[in-house]
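Subject: Handover of a structure and findings

Dear colleague,

Please find the structure below, handed over for your own work. My account of what was found in it comes directly after.

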Amino acid sequence: MQSITHIWAGWLLGPDRQQRLRVAHSLLALGVYGLFAVCQGLAVALGIMPRASLTWMGFYLGGALLFVALVRSGASHRLARDPSLTLPQTLFGLVAASGAYALAGPLRGAVIAISMLVVLFGASKLTPREGWGTALFGVLSLAGVMAWLAWSDPGRHDPREEGVLFMLSLVTAAAMGVLVARLARLRQRLMLQRSELAEALERIRLLATRDELTGLPNRRAMADALQSAITRQARLSEPVALVMIDLDHFKAINDGHGHRAGDVVLRGFAERAMSTLRAIDVLGRWGGEEFLLLLPDTTLEQALACVERLREQLHTSPFDEVADGLAVRFSAGVTACQGATDVDAAIERADRALYRAKNGGRSRTETA
Ligand SMILES: Nc1nc2c(ncn2[C@@H]2O[C@H](COP(=O)(O)OP(=O)(O)OP(=O)(O)O)[C@@H](O)[C@H]2O)c(=O)[nH]1
C-alpha cells in the first residue's frame with residue numbers, strides 16, 4: 001500500500017527533492033483554486049453570481065494547471081531564474097482575484113481576503129521587496145477594478161461602498177506587506193545562518209582530520225584510513241603496503257636554519273611526496289618529522305619502488321627555499337599487510353623496520 005503511494009507521489013511530484021517541494025506548492029495552489037471554483041459554482045447555482053462568471057473560473061483553473069505543468073515538467077528551470085515561478089504565480093493569483101472581484105457581486109468583500117491569501121502563498125519564496133511589491137500590486141489591481149465598477153455601474157456599485165472596501169483592502173495589503181517582508185527577512189537570516197553553520201562544520205571537520213602545517217591527514221584520520229584499507233584488503237585479498245618515513249637529522253635543520261625553516265621543509269616534503277604518489281595513496285603526518293604512507297593494492301616490491309621514486313624526487317629537488325642546495329633525506333620502514341587485519345601490528349612492523357633503517361646508517365629502506 002505504502003509503495004503504491006510512493007509510486008504515485010514519485011510520478012506526480014518527480015524524483016528530485018527540491019523539485020518535489022516546488023511541484024507540491026503549485027499543486028496546493030491548484031487545490032485551493034479548485035475549492036474556490038466549488039464555492040463559485042455554488043454561488044452561481046444559487047443565483048448569487050452570474051453564469052458568465054464561469055468563464056473566469058476556466059481562466060484561473062487553466063492558469064493554475066499551466067503553472068503545475070511548467071514546474072513539474074522542469075520547463076520553469078529553463079524559462080526563469082526562480083524555478084518555482086513564485087512571483088509569476090503570485091501576480092497571476094492577484095489578477096485572478098481582481099477579476100473575481102468584478103464578478104462576485106455581494107460576495108466581493110471576501111475577494112479582498114482571497115487577494116491577501118495569494119500574497120501569503122508567495123511568502124515562502126519572495127524577497128522582502130517582492131513581498132511589498134506584490135501586496136502593492138494586489139491593492140492597485142483591486143483599486144482599478146473598484147474604480148471601473150463605480151464609474152461604469154454606479155447603480156449596482158455605490159462609489160461610497162467601493163471607497164470603504166478600497167480602504168479595507170489598503171489596510172489589509174499594508175499589514176500583509178509588513179508580515180511577508182518580515183517573514184522574508186527571517187528566512188534570509190535563517191539561510192545565512194545555515195550556510196555559516198555548514199562552513200563552520202566543514203572547518204571543524206578539517207581541523208579534526210588534517211594536519212595544520214602540511215595539510216595532510218593527521219594521525220587520527222590516518223588511523224581511520226588504515227583501518228578501512230586493511231579491512232578492505234582482507235575482504236578482497238588485495239595487497240596493501242605501509243611505509244613509515246622519518247626525515248633524517250631534521251633537528252639539525254631546525255637548529256641550523258630555525259624552526260620556521262623546519263616547517264618549510266616539512267611542508268615541502270609533503271608537497272614533493274604527493275607529486276610522486278597515485279590518487280589512491282594516502283600520506284599522513286604521523287607526528288613531528290614522521291610520516292605514514294598507505295599504499296593500497298601494492299605489493300612489497302612495488303612499495304619499495306615507490307619509496308625509491310620518492311628518494312629520487314627529493315634528490316632532484318633540493319630545498320633551495322631554505323638554503324641553496326639543501327638536501328633532505330629520509331629513512332623508511334616498509335611492511336606488507338597481505339591477509340592481516342591488525343592495524344597496530346602492521347604499524348609496529350613498519351616502525352621496527354624504520355628503526356633498523358635508522359640504526360643501519362639512515363637514508364635507507366628496511367622491510368619487515
Ligand atoms: N620545525 C618543526 N620542527 C619540528 C616539528 N615537530 C617536531 N619538530 C622537531 O623535529 C626534531 C626531531 O628531532 P629528532 O627526534 O632528534 O630527530 P632527527 O634530528 O631527525 O634525527 P634522526 O631522526 O635520528 O635522524 C626536533 O627538534 C623537534 O623539535 C614541527 O612541526 N616543526
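The notes that follow go from the chain as a whole to its cores, its helices and a few individual residues.

**Overall composition**

Please bear in mind that this is a predicted model. The chain is made up of 13 helices and five strands. It has 368 residues, of which 32% count as buried. Where contacts join residues at least 6 apart in sequence, 68% of them link residues at least 24 apart.

**The two nonpolar cores**

The largest nonpolar core holds 41 residues, and the members that touch the most others are Ala241, Val243, Leu293, Leu295, Ala332, Val334 and Ala350. At least two residues each come from strand 1 (240-247), strand 2 (282-287), strand 3 (290-296) and strand 4 (330-336), and likewise from helix 9 (219-236), helix 11 (259-276), helix 12 (300-316) and helix 13 (343-359). Strand 1 contributes the most, with seven residues. As general background, nonpolar side chains in soluble globular proteins tend to be buried together.

Leu293 may serve as an entry point to this core. Leaving aside residues up to four places away in sequence, Leu293 touches Val243, Ile245, Asp281 and Leu283. There is also a second, separate core, which has 39 residues, among them Val23, Val145, Leu165 and Val180.

**Helix 2 and its packing against helix 3**

Helix 2 spans residues 17-45, 29 residues in total, and its first and last C-alpha atoms are 42 Å apart, close to the 42 Å expected at 1.5 Å a residue. Its buried residues are Arg22, Val23, His25, Ser26, Ala29, Phe36 and Gln40. Gly47, just after helix 2, takes a positive phi of about 80°.

How do helix 2 and helix 3 run relative to each other? Helix 3 covers residues 54-73, and the two helices pack at an angle of about 170°, their axes being 9 Å apart. Angles over 145 degrees count as roughly antiparallel, and helix 2 and helix 3 are therefore roughly antiparallel to each other. From helix 2, the contact draws on Arg22, Val23, Ser26, Leu27, Ala29, Leu30, Tyr33, Ala37, Gln40 and Val44, while helix 3 supplies Leu54, Met57, Tyr60, Leu61, Ala64, Leu65, Phe67, Val68, Val71 and Arg72. Sorted by class, this contact comprises 16 nonpolar, two polar and two charged residues.

**Helix 11**

Helix 11 has 18 residues and extends 26 Å from its first C-alpha to its last, close to the 26 Å expected at 1.5 Å a residue. The residues Gly262, Val265, Leu266, Gly268, Phe269 and Ala273 of helix 11 are buried. The elements that cover the buried residues of helix 11 include strand 1, helix 10, strand 2 and helix 12.

Leu266 also offers a link to the loop between strand 2 and strand 3, where Gly288 lies. Gly288 and Leu266 are separated by 22 residues in sequence and by 8.9 Å in space, C-alpha to C-alpha. Gly288 has 12 other C-beta atoms within 10 Å and is exposed.

**Residues that may merit inspection**

Two residues that are not glycines have a positive phi, and their particulars are as follows.

- Leu85 has a phi of about 55° and is placed in the loop between helix 4 (75-79) and helix 5 (86-103). Is Leu85 buried or exposed? Leu85 counts as buried because 23 C-beta neighbours lie inside 10 Å, the cut-off for burial being 20 or more.
- His249 has a phi of about 50° and sits in the loop between strand 1 and helix 10 (250-257). With 14 other C-beta atoms within 10 Å, His249 is partly exposed.

Pro296 belongs to strand 3. It counts as partly exposed because it has 19 C-beta neighbours inside 10 Å. Pro296 and Pro239 lie 57 residues apart in sequence, with 6.8 Å between their C-alpha atoms. Not counting residues up to four places away in sequence, Pro296 touches Ala229, Val240 and Ile280.

With kind regards

Key:
Residues are numbered from 1 along each chain as its sequence is written. This is a predicted model: local features need pLDDT of at least 70, side-chain atom pairs count only at pLDDT 80 or more; totals for chains, interfaces and linings use all residues. A nonpolar core is a set of buried Ala, Val, Leu, Ile, Met, Phe, Trp, Tyr and Cys residues joined through C-beta atoms within 7 Å. Helices (H or I, at least four residues) and strands (E, at least two) are DSSP runs, numbered from the N terminus. Two residues are in contact if their C-beta atoms, placed from the backbone, lie within 7 Å. The expected span of a helix is 1.5 Å times one less than its number of residues. Axes are lines fitted to C-alpha atoms, for helices over the stretch in contact, and angles run from 0 to 180 degrees between N-to-C directions. Angles under 35 degrees count as roughly parallel, over 145 as roughly antiparallel, 65 to 115 as roughly perpendicular and the rest as oblique. Ala, Val, Leu, Ile, Met, Phe, Trp, Tyr, Cys and Pro count as nonpolar, Asp, Glu, Lys and Arg as charged, and the others, Gly among them, as polar.
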